[in-house]
Amino acid sequence: MWNTPAEAQLALIPDLYSQENVKDKKVYMKFFMGGWTWYILEFDKKDTFFAFVVSPMEPDGGYGYTSFSEIKALKSGFVEVDRDLHSASPRKPKSLSTMLKTGG
């Protein structure tokens, strides 16, 4: 994985279910590879993210749980998952609707 987040950065992501009743959830990190994008919304502080995922199989996206260890291990040839350092960060989260509109 390129630009793997530090433990201190991961600690800033809110706990699972903390945005459960929030209509326009905040994105704290964004990972991508090829046609896949993971907008990270919550983290259990161990290995499980709650994310909005856009993929070739789900171009409109959908919510779900994903494993951080599995994201880190994904590779296709020489291509690895990367973390977008410019669109969202744990210190300056952006709303999911804004990220989806701007392609961020």
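**Close-up 1. Aromatic pairing and the rings of Trp-36 and Trp-38.** In this predicted model, the count of aromatic pairs comes to 8, with rings of Phe, Tyr and Trp taken to pair if their centres lie within 6.5 Å. The rings of Trp-36 and Trp-38 have centres 5.9 Å apart and planes at 20 degrees, so this pair counts as stacked, given that planes under 30 degrees apart are classed in that way. Trp-36 is partly exposed, at a relative accessible area of 29%, whereas Trp-38 counts as buried, with a relative accessibility of 6%.

**Close-up 2. The aromatic pair formed by Phe-50 and Tyr-65.** These two rings are tilted with respect to one another, the distance being 5.0 Å from centre to centre and the angle between the planes 50 degrees. The pair links distant parts of the chain, since Phe-50 belongs to strand β4 (residues 48-55) and Tyr-65 to strand β5 (residues 58-67), and the two residues are 15 residues apart. Phe-50 counts as buried, at 13% relative accessibility, because the limit for that class is under 20%.

**Close-up 3. The cluster of Phe-31, Phe-43, Phe-49 and Phe-68.** Ring pairs link these four phenylalanines into a cluster. One of them, Phe-68, also has the charged end of Lys-72 over its ring, at 4.5 Å from the ring centre.

**Close-up 4. Lys-25 over the face of Tyr-63.** Here Lys-25 lies over the face of the tyrosine ring, at 5.8 Å from the ring centre, a value to be read against the requirement that NZ of Lys be within 6 Å of that centre and within 35 degrees of the ring normal.

Terms used:
Residues are numbered from 1 along each chain as its sequence is written. This is a predicted model: local features need pLDDT of at least 70, side-chain atom pairs count only at pLDDT 80 or more; totals for chains, interfaces and linings use all residues. Side-chain values use heavy atoms; hydrogens and water are left out. Rings of Phe, Tyr and Trp (its six-membered ring) pair if their centres lie within 6.5 Å; planes under 30 degrees apart count as stacked, over 60 as edge-to-face and the rest as tilted. Buried means under 20% relative accessible area, exposed over 50%, partly exposed in between (1.4 Å probe, protein chains only). Helices (H or I, at least four residues) and strands (E, at least two) are DSSP runs, numbered from the N terminus.
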